Amino acid sequence: MVEVFDRISEIRDGKRVIVKKPELLAPAGNLEKLKIAIHYGADAVYLGGEEYSLRANADNFTIDEIREGVEFAKKHGAKVYGTTNIIAHNENIDGLEEYLKALEDAGVTGIIVADPLIIETCKRVAPKLERHLSTQQSLSNWKAAQYWKEEGLERVVLARETSAEEIREIKEKVDIEVEIFVHGAMCIAYSGRCVLSNHMTARDSNRGGCCHSCRWNYDMFQNTDDKNFIPLSTENTPFTMSSKDMNLIKHVPEIIELGVDSLKIEGRMKSIHYIATVVSVYRKVIDAYCADPENFVFKDEWLTELAKCANRDTAEGFFKEFPGVNEQLFKNHSHKTSHEFAGMVLDYDEESKMVTLQQRNYFKPGDEVEFFGPEIENFTMVVDKIFDEKGNEIDAARHPLQIVKFRVDQPVYRYNMMRKEN
Amino acid sequence: MNKPELLLTPTSVDDIIPLSEAGADSFVIGEERFGLRLAGEFSKEDVKKAIQLAHSKNKKVYVAMTGLFHNDKVDEVEQYLKFVHEAGADAVLFGDPAIIMARKTLGIDIPLHWDPHTLATNWYTCNYWGKKGAKRAVLSKELSMDEIIEIKENAEVEVEVQIHGMTCMFQSRRPLVHNYFEYQGKKLKVEEEKGKLYLFDPDRDNYYPVFEDSNGTHIMSPNDMCIIDELQELVEAGIDCFKIDGILKSPEYLIEVTKLYRKAIDLCVTDVDEYEDIADELLERIEEIQPESRPLDTGFFFKETVY
């Protein structure tokens, strides 16, 4: 029996339109990133509190900040999910109930969760929260999805090892929301099944201590007699387990047609420039496809735009093909981004055409810069004279967070960003 | 005091009798298609034979179905579970809840052991899977002695702990060794290299065994854990089963190690003073037969992990 549980498109006035528009879910590493993600078009964000979340090194939110984030999100029609996806040890049981109640009280919509300890405790003490199974459970078959459905979970985040065909089958057979990762860095191991950090640095990877040992270089040896290690790698060709980043932008139309409920962007540690860039591109593609799927044409400029904030080569994970050597990174595990974030617009005066901008990286008169943001089409221009807050001309914007003014002929808006080529 | 079970992972059917005679109480066997990182590959015929041999010695056999299954294996998993049940296995090891669903569909009551490798880290979750049908939880290897004992104190299921051998640090679905040789423009029959390839970490001076099979790439611990001289606390805590993992070990080695642990466990139960007297000697005897490329350590039993 094949049953599709929710209709994805319908014909209106002879034209097919998408009626099931998926959620675009973005990371929120702190309050500023949360606001930027939502401003640039995220339908929902996920954030981590100070405990139970998998990013021990991220800024992480206090409960008050979560409350503030939820209020901001609600005002803009967006949702907030809390990540509580550690694989808990006994010592993490104390305090869990209070924490989940606080999340519920702060108004988050749901939690992203891997450990049944937290799944069950949430049901008992914070029943208003939705429970979404984290990718840390490596869910990759429909029968397991059915299991979690019967356990009362609203949504499952699939393993990054699942293909489009597998996602289709899961959606056809099980009436549960499905979330997939579409963009960002990814574990090359099955998530949750890697304890390299535990062994190498005594940090628990499944409680947020991951030290990214998969991106280190190793030498490979062969040993057939228990004594002699014969090198199989050279200094120039070290072994590594480093994965290219995920980028499924070209497949957004197919993902929508599969009925995927939420498209997730990775990166609670990423900059606001990265978040703004990636979210806005996915927003554009989702909107363009849903508005007119039959006449949709993929624009190469979307790929170009994404490349401006990428610090790694990208690939398509397991979505279409089984990844091979070309989906891995050897030697250079990351590179400088082609563009850097130069400033954020605070204000624009239409009459004088002067922008007030917060500096985020050095720039000077004569530099070519590009503005982007949800209200505008990207444009480039050459910076003319720069003035400080008091109106004194300065030779360059050299101080972090410095407030500067200069002329921009086209209108720009608060939270628009300015970047410049490296 | 309850005497804990001593569980071995044999390399072939031929190991069942000698390991039984050396003191093993139970065995984990299976095939790569359904189980992860097994010491030996057991066909269906082998499984039947192993069960028959082990049962003739009054020993138990558990079949590993610990894989991370994709849709293409869902039907097969159900058929294999039916086979294992009919073959008379004493339990099935699982990590994926698809096994719970399959068992329900089949309407069989074969005991389940929850063995999710890295995910069995607290007592609440062990009991959760207990309520879903698991009779036993196989704890993660990255736990301290204190954590293990606290789990046992609160567990409503049997608790199994690995006390000897190699553990897995990493599993990728991708053929990373194959890819690496392709990247170097070299050829290597990777499938013939199981147990021969190592990654070297110069900062830690460690050699990590790495191998590839149909489940992907597996990177293993640089040392063999061995706590033959530290068993008393675990026995006193009432841990139900001690596991010796035989992966990438010879039958001769496993037989010797089994004999030594058998002695250690028996003494912990019957004569603690005697155990304390000979614990160092038992450790020395393991060191004597330990492969040069596999140093011993005490795993995470006495190591503090932060995050």
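# Notebook: a cross-chain threonine, domain seams and salt bridges

**Entry 1, Thr237(A).** I started at Thr237(A), which sits in the loop between β11 (230–231) and β12 (242–243) of chain A. A reminder to myself before going on: this is a predicted model. I looked up whether Thr237(A) is buried or exposed. Its relative accessible area is 16%, and the cut-off for buried is under 20%, so Thr237(A) counts as buried. Next I listed its contacts, leaving aside neighbours within four places in sequence, and found Tyr180(B), Tyr183(B) and Gln184(B). With Gln184(B) there is a polar contact from side chain to side chain, at 3.0 Å.

**Entry 2, the domains of chain A.** I moved on to how chain A is divided: domain 1 takes 9–191 + 242–329, and domain 2 takes 339–421. Their C-alpha centres are 32 Å apart. At the seam, 11 residues of domain 1 of chain A are in contact with 15 residues of domain 2 of chain A. Together these two domains bury about 1,200 Å², with 56% of it on carbon and sulfur atoms. On the domain 1 side, Tyr40(A), His273(A) and Lys308(A) lose the most area, together 46% of what that side buries.

I then counted the polar links here. Between domain 1 of chain A and domain 2 of chain A I get three salt bridges, along with 10 residue pairs in polar contact. Two elements, α1 (31–39) and α9 (272–291) of chain A, each give two or more residues to the domain 1 side. The largest share, five residues, comes from α9(A). By class, that side has four nonpolar, three polar and four charged residues.

**Entry 3, Glu370(A).** Which side chain does Glu370(A) meet in a salt bridge at 2.8 Å? One is Lys308(A), a residue I had already noted among those losing the most area at the domain seam. Glu370(A) also forms a salt bridge with Arg419(A), whose closest N and O atoms are likewise listed at 2.8 Å apart. This second pair links distant parts of the chain, 49 residues apart: Arg419(A) is in strand β24 (residues 417–421) and Glu370(A) in strand β19 (residues 368–373) of chain A. I checked burial for both partners. Arg419(A) is buried at 0% relative accessible area, and Glu370(A) is buried at 8%.

**Entry 4, other salt bridges.** Over all chains the count comes to 54 salt bridges. I picked out Asp261(A) and Lys171(A), whose side chains meet at 2.6 Å, N to O. Asp261(A) lies in the loop between α8 (252–258) and β14 (262–265), and Lys171(A) in helix α6 (residues 164–173) of chain A, so this pair ties together parts that are 90 residues apart in sequence. Both Asp261(A) and Lys171(A) are buried.

Asp409(A) and Arg407(A) form a salt bridge at 2.9 Å, and here Arg407(A) is partly exposed, at 42%. I also found a network of salt bridges linking Glu23(A), Arg155(A), Glu177(A), Glu179(A) and Lys264(A).

**Entry 5, the domains of chain B.** Last, chain B: domain 1 is 5–167 + 223–297 and domain 2 is 172–216. Their C-alpha centres are separated by 26 Å. The buried area between them is about 870 Å², and carbon and sulfur atoms give 53% of it. Glu32(B), His70(B) and Leu248(B) supply 48% of the area that domain 1 buries here. I looked for salt bridges across this interface and found zero, though two residue pairs are in polar contact.

Terms used
Residues numbered from 1 in each chain as written. Chains lettered and ligands numbered in written order. Predicted model: local features only at pLDDT ≥ 70, side-chain atom pairs only at ≥ 80, totals over all residues. Heavy atoms only, no water. Domains from an automatic or database assignment. Buried area = accessible area lost by both parts, 1.4 Å probe. Polar contact = N/O pair within 3.5 Å; in protein donor to acceptor, adjacent residues only side chain to side chain. Helix = DSSP H or I, 4+ residues; strand = E, 2+ residues; numbered from the N terminus. Buried < 20%, exposed > 50% of the residue type's maximum accessible area, 1.4 Å probe, protein only. Contact = heavy atoms within 4.5 Å. Nonpolar A, V, L, I, M, F, W, Y, C, P; charged D, E, K, R; others polar.
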